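Here are some exercises on disulfides and a surface patch, each with a worked solution. Grab your viewer and have a go before reading on.

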Amino acid sequence: MTPRSIVASTVAVAIFSLVPCTPSAAQEGAEIFETACASCHTPAGTERAPGVNLLRQLTPRAIVASLEDGVMRAEGADLTREERIAVAEYLTRRRYEASRVPESTFCSGLPWTGMDPATVSWMGFAGNLAGTGYQPPERAGLSASDVPSLELRWAFAFPGGTNMRTSPAVAGDAALVAGPFGEVVALDLATGCVRWGFEADALVRGAIVVGEGPEGRSAAYFVDSRTSAYAVDLESGSLLWKQRVGWHAVAYGTGSPALHDGRLFVPVSSLEVTAAGDPRYECCTSSGAVAALDAATGEVLWYHRVIPGYPEETGRNGIGTTTWGPSGAAVWSSPTIDPARGLLYAGTGENLTHPTTGNSDAILALDLETGELVWSFQGTSGDAFNMACTQAAYRENCPDPVGPDLDFGMAPMLVTRPDGKEILVAGQKSGMVWALDPDNDGALLWSTAVGKGSALGGIHWGMASDGRYAYAPNADRNAVIVDVNPERELSPGLYALDLMTGEVVWRAMMPEDSCRGRRRCFATNSAGAAVIDGVVFAGGLDGVIRAHSAVDGAVIWEFDTTQPVETVGGVPGRGGAIDGPGPVVAGGMLFVNSGYGTFGQMPGNLLLAFAVGDSGGDGS
C-alpha cells in the first residue's frame, strides 16, 4: 500500500463517513481529477491548495460552485458542467443533489410564529456563555420529578449520515441544528418537521448561535469545517453573509462559535494532524487560533494565532521532506466568554512537531477587545504528536520523542462555587480536572485525576456544573500513546467533584453488560454532559442516554437510542454512539444526538426529542 493510500484510508476511517456515488461516475471523476487537479492537491495539498482529505469535507454543490464561479473558476473553465459534477462526486463520495433535506420532512399547513432571539432557551455548545451546560428551571421546563416520565416525542434523521455532531439551538417554537453534510435546518418543536433549510459549503460540526444580525435582522450564526462563518436570516434561512476565517490551507472548524456584544468568536483547528501521516507532506506549519468577527458584517476584527510568527525549517524527515516547527496547538473546543473580566477562555491541543510550545495543551485567556494573550495555564508540557505516530509504517513525520496527545478539548467552565467565588474548571484528555483562579492569572486552585487518560479521553468533549459539583464524563478509551499515569487503571464513567475542594463525591460507572455483545460498542462516557436542578444527563458510547441523580449518581431514567424508531417524513434512520456535544434541555424537552461513527464507534443519523408523556413510564 502506498503512503497516499494509507493516509486516505486512515482519514476516511478516522474522520469522514461518506455516501458512495456510482462506480462509473467515480471512475470518470477520478480520471478528470488526476489530469486536471492532482498536481496541486496531492499528496496532501500545499500552503495554498487544500489536499484531497480536506476537499472531501465539502459538499458536491460547493465544489461545483467553486469550479464554475468561485476561486477555482479558471481551472474549471475547460471542464463541462458534467465533468465538474463528476469531480465533485469523486472527491466527496456523494451524489450531486439540489438539496439534502427531503421534501417529506418539511412542514405542511402548520402555523409558524418564527424565531425570536429574545426567546432563546439554549444555544452554543454548552448552553450559555459560561460553558457550564447548566439549564435553570425557567428555561429547562423540566424538573427532576418530570424526568422519569420522559418519552420520545419525535426523531429526525439526516439522510446518509453516520455522525451527529451539532448541538441544537432552541428559540421560540423551533430548534436549529446542522446535519452531517452541511445541512442546517429549523425544526418545529412540536413535530420535528422542517421550517426552512440551508446548505453550507462543508459539514458543520459546531453548534448554532442566534442573535441580532445585519440591519437589525435576527440571524443564526455557525461555522463549517472549512472555517467559513455564516450568518443566515432566522426567519427564512437565507444567507446574510459568509466569511472564511482560517488562514491556513488545512484550517479546520470543529468548535462552536460564541456570540457576545455584536461579535462572533470563532475557534480554529487544523487537519495537519492527519496530513502529517503522508511522509511527503512538509509537516507542519499550522497553528490553532481564535478570531473575532463583526456579527453584522462578518469582518475579521482580530485573529489570535496560538503559536506566534511563522514556523522555521527544522530539518528533513527520513525520505528527505522538509520539516517545520513549532506547529499545532489547535483550538478545537468552544470559547468561553467572561464579560466581567473582559476575557475569552479557550483550550488548546498538542503540538504537531518539535519544538513544543508553552501554550499547547493549555487554557488561554485572551482580551475580548484585542485578542491579545493575557495569561495561560499549561496542563501538559512537551506534548508533540500527529497521526504519523499511529501507523505501522511511514512514520517519518512522527515527532521524536512522541507525546501523549492530551488536549484540552472542552470549553472551560466559568462557575460560581458555593462560597460565591468564580473559578474556571476544565477537564483534559489526561483524565485531570483543573480548577483555576481567573482573578489571579489562572493560578491553580486544585486538580483531581478521575481517569488514566488517553488520546480518546479522559475528559474528551465537555463537563457540566450546577454551582455545587462539577460533573465529568470520563472516556478512558484504551488508546494510550504514552502512559503518563501508569499507576492508574482505565476507569470510564461519570464523576461528580466538589467545586470547593476537587474531591470526588460520587462516581457512576457503566453497567458491565451495557454493550450486550454489540459491535463497535464501548461502555464509556465521552460526550459532554448537561445538568438541571437535581439531574445530570450523560450519553454513552453504548448508545444509551442516562439521567443521573445529582445527589448520588443513581440512574433515574434511560433510553437506548439504538432501538428502531419512526422518523419525521419516514427518512431511514438509526441511532448509534452518543459522542461530541452534550444533550440539550430546553422548553420542557430533551434533545439527544445519536450516532458517531468516528473512532470505530457505532454510526447513526438521529436527533431525538423527548418530552413528558401522558402515560408516564420509564422511557427505557
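**Exercise 1.** Number the bonded cysteines of the chain in sequence order and work out the pairing.

*Solution.* Start with the criterion: a disulfide is a pair of cysteine sulfur atoms within 2.5 Å. The structure holds four of them. Going along the chain, the pairing comes out as 1-2, 3-4, 5-6, 7-8.

A word on the input: this is a predicted model, where local features need pLDDT of at least 70, side-chain atom pairs count only at pLDDT 80 or more, and totals for chains, interfaces and linings use all residues. Residues are numbered from 1 along each chain as its sequence is written, and side-chain values use heavy atoms, with hydrogens and water left out.

**Exercise 2.** Is the disulfide of Cys283 and Cys284 left-handed or right-handed?

*Solution.* First check the bond: the sulfur atoms of Cys283 and Cys284 sit 2.0 Å apart. Next, take the torsion about S-S, which is about -90°, so this disulfide is left-handed. Both cysteines are also buried (under 20% relative accessible area; exposed is over 50%, partly exposed in between, with a 1.4 Å probe and protein chains only).

**Exercise 3.** Do the same for Cys389 and Cys398, then for Cys515 and Cys521.

*Solution.* For Cys389 and Cys398, the sulfur atoms are 2.1 Å apart, and 105° about the S-S bond makes the link right-handed. Cys389 is buried at 11% relative accessibility, and Cys398 is buried at 14%. For Cys515 and Cys521, the sulfur distance is 2.1 Å; the torsion is about -85°, so that disulfide is left-handed.
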